[in-house]
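Work through the exercises below with the sequence and the model side by side. Try each task before reading its solution.

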Amino acid sequence: MTERPIEPVPHPAPWAMRAEHSRGRRYPEPPHPYRSAYARDRDRIIHSRAFRRLEAKTQVFTTRYSDHFRNRLTHTLEVAQIARTVAAALGLNTELAEALALVHDIGHPPFGHAGERKLDELMRKYGGRFNHNLHALRIVEQFEQRYLDFPGLNLTFEVREGIIKHSRDYSAAEFPQLAEYLLDLRPPLEAQLIDWVDEIAYNTADIDDALEAELLDLTALRKEVGFLGEVYTRVASAHPGAREKLIFNEALKRVLDALATDLIETTQRRVLASNASSVEDIRRAPKRLAGFSDAAAVRNRELKRFLFGHIYNHPAIAEDRDRSVKYLEELFMHYLGCEGSMPASYEELTQTEPRHVIVCDYIAGMTDQFLLRQHHEHFGGASRGPLAATE
C-alpha cells in the first residue's frame, strides 16, 4: 500500500453540485448573506434535537466497560470528517458532503441495526415497514419543529434526496411517496460517497473499539484480514520494541488511509472514463460511479466478515442485543394496545394516522437509555443497558 499522488482535479470539478444550482427548498427562503444553502442545511442539522439524541444511541459498544467507545454521534462526526476529505480531493462540494454525512444516521432507532430490524419486522405485521433513511426524511420534514414559517428543517432538495438515496435506489412504483426525488436518476457524487465513507469509518472504528472492549483476538485479525496483517507486520518491523497498542493504532490508521485513497482514485477514474462534464451527466450515468476498486472491495469485505464472525455475534454482545430488542418489542406492543400510554402529542397524532405508525415513530425517536427507562416503568424488573447493538 504505497502512497500514490492523487491526480489533481479542478476545484470545483465540473461535476460538483453547486449550491446556486440547487433545486431549492420546499418553502422558499431568501439566501443568507454569507452562508451557502448547503452550509445552512449543515447548521440546521447540527442544531436539531434528532442530531443531539445521537449522543445517547449506541454505535456498537456502550459505556458499560469504557467511556471511550464510539456512540452514534461520534461515529457521525468521523464519517463527516472522512466525507469532507474525500469530497475535497475530488473537487466536490464539501459543504453538501458534510451535511449529508451529519444527517445520514439521524433516523436510527435505539440499539442500532438490531433495533431497526425489529421495528421493520413489527411494522410488516401491519402492512408497513421501517427504514432508517426514510425515517430520517420524516424527521427533517415533519418532526423537527424549530421555525415559525415552515414545518421541519426545510432542507434543500439535494440534502433530502441524499438522505434517502445515498445508499440505495428506490422504485417509483414501490415507493410512490418518493416520486419527487428523481428515482430514475442517480444522486450527485456527494451523496454517492456517503455510504462508502460510512463503511470506512465503522469498519475501522469497530475494530478499534473491539480491542478496547478486550473482545479482539489480534492474532486472528492479522490472520483472517490479510492486508491488515501485512500492514501490521510492516509497522512492527519498522518499530521494534514499540507497544503493541501503538503498532495496532498505526496499522489501522494506514488501513483507513488506504481505503479512503482507493475510494478517491477509483471514483475519479470512473468519472473521467464516463466523460461526465456536469452533475446531470453523473445523474444520468447507467450506474453509480463512486466506490472502491475490486481489490479494495475485497479488503473491505474481509474486515466486515471478521467483524460479523468475531465481534458483532460475540456471545456477550448477542445476549444483550437480544434482550434489548425484546424490550423494544414489548414496549411496541404495549403502546399499540393501550390507548393513552404515549405522551399526549403522540396520542393526538393517532387520530389522523394509524396507531402502529405513531408507535413506531415514538419508539424510533427514543435513545437507548430512555427506552430502557420506559420499559422499566411499564414492566418493572431490571432493564439493564446493553453491551452492544450490532454495527
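The exercises that follow deal with helices, their packing, and a few single residues.

The model is predicted: local features need pLDDT of at least 70, side-chain atom pairs count only at pLDDT 80 or more, and totals for chains, interfaces and linings use all residues. Residues are numbered from 1 along each chain as its sequence is written, and side-chain values use heavy atoms, with hydrogens and water left out.

**Exercise 1. Compare the reach of helix α13 with its expected span, and state what its buried residues pack against.**

Step 1. Helices are DSSP runs of H or I with at least four residues, strands are runs of E with at least two, and both are numbered from the N terminus. Helix α13 covers residues 294–312, which is 19 residues.

Step 2. The expected span is 1.5 Å times one less than the number of residues. For α13 this gives 27 Å, and the helix reaches 25 Å from its first C-alpha to its last, close to that value.

Step 3. A residue is buried under 20% relative accessible area, exposed over 50%, and partly exposed in between, with a 1.4 Å probe and protein chains only. In α13 the buried residues include Ala296, Ala297, Leu303, Phe306 and Tyr312.

Step 4. The buried residues of α13 pack against α8 (189–212), α9 (218–224), α10 (226–238), α11 (244–274) and α14 (315–337).

**Exercise 2. Describe how α8 and α13 pack: what is the angle, and which residues make the contact?**

Step 1. Axes are lines fitted to C-alpha atoms, for helices over the stretch in contact, and angles run from 0 to 180 degrees between N-to-C directions. The axes of α8 and α13 are 10 Å apart, at an angle of about 40°.

Step 2. Angles under 35 degrees count as roughly parallel, over 145 as roughly antiparallel, 65 to 115 as roughly perpendicular, and the rest as oblique. α8 and α13 are therefore oblique to each other.

Step 3. A crossing is left-handed if the near helix is turned anticlockwise from the far one by less than a right angle, and right-handed if clockwise. The crossing of α8 and α13 is left-handed.

Step 4. Contact means heavy atoms within 4.5 Å. On the α8 side it involves Glu199, Tyr202, Asn203, Asp206, Ile207 and Ala210; on the α13 side, Asn300, Leu303, Lys304, Phe306, Leu307, Ile311 and Tyr312.

Step 5. Ala, Val, Leu, Ile, Met, Phe, Trp, Tyr, Cys and Pro count as nonpolar, Asp, Glu, Lys and Arg as charged, and the others, Gly among them, as polar. The contact of α8 with α13 has eight nonpolar, two polar and three charged residues.

**Exercise 3. Classify the packing of helix α3 (residues 72–89) with α4 by angle and handedness.**

Step 1. The two axes come within 8 Å and cross at roughly 155°. α3 and α4 are therefore roughly antiparallel to each other.

Step 2. The crossing of α3 and α4 is right-handed.

Step 3. Among the residues in the contact are Ala80, Ala83 and Ala87 of α3, and Ala97 and Ala101 of α4. By class, this contact has nine nonpolar, two polar and two charged residues.

**Exercise 4. How many residues of α7 are buried, and what covers them?**

Step 1. Nine of the nine residues of α7 are buried, so this helix is largely enclosed by the rest of the structure.

Step 2. The buried residues of α7 include the charged Glu158, Arg160, Glu161 and Lys165.

Step 3. Their cover includes α1, α4 (94–103), α6, α8 and α12 (279–283).

**Exercise 5. Place Arg44, Glu29 and Asn154, and state whether each is buried or partly exposed.**

Step 1. Arg44 is in helix α1 (residues 37–46) and is buried, at 7% relative accessible area. Leaving aside neighbours within four places in sequence, Arg44 has contacts that include Glu29, Tyr147 and Asn154.

Step 2. Glu29 lies in the segment before α1 and is partly exposed, at 23%. With the same neighbours left aside, Glu29 is in contact with Arg40, Arg44, Phe150 and Asn154.

Step 3. Asn154 sits in the loop between α6 (132–143) and α7 (157–165) and is buried, at 2% relative accessibility.

Step 4. Most residues other than glycine have a negative phi. Asn154, however, has a positive phi, near 50°.
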